[in-house]
Amino acid sequence: MGLPWWPGSLLCSSCGDGRLRWALGPCSHRKMAQEEGVSLAEVRARVGASHGITDLAPKLHFYDSWAPDYDQDVATLQYRAPRLAVDCLSQAFPGLPHDALILDVACGTGLVAAELQARGFSQLHGVDGSPGMLEQARARSLYQHLSLCTLGQELLPSPEGGLVCLTTRTNPSNLRYKEALEATLDGLEQARVWQRLVAWPVDRWELATSELEVGPNTLTEGFISGIVYLYRKVEVTQVEGVRSNQQPPVGL
């Protein structure tokens with residue numbers, strides 16, 4: 001969410017739970033979870049609880065306490081957002097330079113950085129509102145810079161240029177948030193601040209965590225759906241008289 005830093009930069013973020021994970025295959029995820037004694041039911045309960053917290057302070061406290069177990073939990077749910085987001089970027093911009101500066105917003109434990117590094121990207125900066133998550137991210141040694149920043153409460157650096165990649169769930173329990181997000185994105189487009197390049201619906205997003213997430217479009221394997229958005233931030237000099245500090249709403 002938020003905005004890239006300077007021309008040639010790229011921003012990656014996910015909405016909804018605001019996190020991205022390692023690019024491991026589903027079988028590897030399930031095996032790791034079983035070896036460490038974590039049941040799918042336990043993970044679903046924990047992730048479902050995070051979706052139900054809407055106030056900022058308890059949300060951040062929850063992520064602080066969740067940070068040590070976060071990677072294992074999202075792996076158990078076979079969360080595919082990081083690979084899908086980077087696939088979207090790679091297909092839309094196959095010539096994107098590997099030294100492009102990437103601001104990873106709501107970077108969590110650094111899972112998206114691992115996916116990006118695997119594709120050759122090396123200039124990675126991250127921000128997150130949870131000190132616990134940043135501690136885990138720092139231990140990976142993948143970011144050149146990490147800082148504490150709460151999206152929606154503090155302004156991100158937002159000069160002209162760059163790409164913005166966002167993801168969110170499209171299952172029934174997240175539709176109100178998705179509608180609010182898209183209303184904000186539409187407003188940015190109408191103001192000629194952002195230009196939509198891609199809106200890519202995806203069926204197999206992650207395993208559902210509760211019956212509230214299940215809808216008519218849920219696959220029999222238990223996966224919910226999601227979507228990847230890719231925008232280009234319009235040069236400030238091209239948008240005379242338009243302020244560019246709008247930001248999408250904070251994820252639920």
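Tutor: Helices here are DSSP runs of H or I with at least four residues, numbered from the N terminus. The model is predicted.

Student: OK, start with α3 then. What phi does Gln78 take, just after α3?

Tutor: Gln78 has a positive phi, about 55°.

Student: And α3 itself, how far apart are its end C-alpha atoms?

Tutor: They are only 26 Å apart. α3 covers residues 56–76, which is 21 residues, and a straight helix at 1.5 Å a residue would reach 30 Å.

Student: Where does α3 bend?

Tutor: At Ala67, by about 75°. A proline, Pro68, follows within four residues.

Student: Which residues of α3 are buried?

Tutor: Among them are Lys59, Leu60, Phe62 and Tyr63 in the earlier part of the list, then Trp66 and Ala67. The list also includes Tyr70 and the run Gln72, Asp73, Val74, Ala75 and Thr76. Ala67, where the helix bends, is thus one of the buried residues.

Student: Switching to the strands. Why is β3 largely enclosed by the rest of the structure?

Tutor: Because five of its five residues, 124–128, are buried.

Student: Which residues sit on each side of it?

Tutor: Leu124, Gly126 and Asp128 are on one side, with His125 and Val127 on the other. Both faces are covered.

Student: How many bridges join β2 to β3?

Tutor: Four, and the two strands run parallel. β2 is residues 102–105. One pairing is Ile102 with Leu124 of β3.

Student: What links up with β2 and β3 to make a β-α-β unit?

Tutor: Helix α5, residues 111–118. The unit is right-handed.

Student: And how many bridges join β3 to β4?

Tutor: Four, again with the strands parallel; β4 is residues 145–148. Gly126 has Leu146 in β4 as its bridge partner. The chain gets from β3 to β4 through helix α6, residues 131–140, in a right-handed crossover.

Student: Last topic, confidence. What does the chain average?

Tutor: Its mean pLDDT is 78, with 73% of the residues scoring at least 70.

Student: Where is confidence lowest, and where highest?

Tutor: Lowest is helix α1, residues 26–35, with a mean of 40; highest is α6, at 96.

Student: Which residues around α1 stay under 50?

Tutor: Residues 14–36, for which the model has 64 contacts beyond four places in sequence. Residues 1–9 also stay under 50, with 58 such contacts.

Student: What should not be read in detail where pLDDT is low?

Tutor: The predicted coordinates.

Key. Residues numbered from 1 in each chain as written. Predicted model: local features only at pLDDT ≥ 70, side-chain atom pairs only at ≥ 80, totals over all residues. Heavy atoms only, no water. Buried < 20%, exposed > 50% of the residue type's maximum accessible area, 1.4 Å probe, protein only. Pairing = 2+ DSSP bridges. Right-handed = clockwise from strand over helix to strand, strands pointing away. pLDDT = per-residue confidence, 0-100. Contact = heavy atoms within 4.5 Å. Expected span 1.5 Å × (residues − 1). Bend = angle between axes of the 7 residues up to and from the residue.
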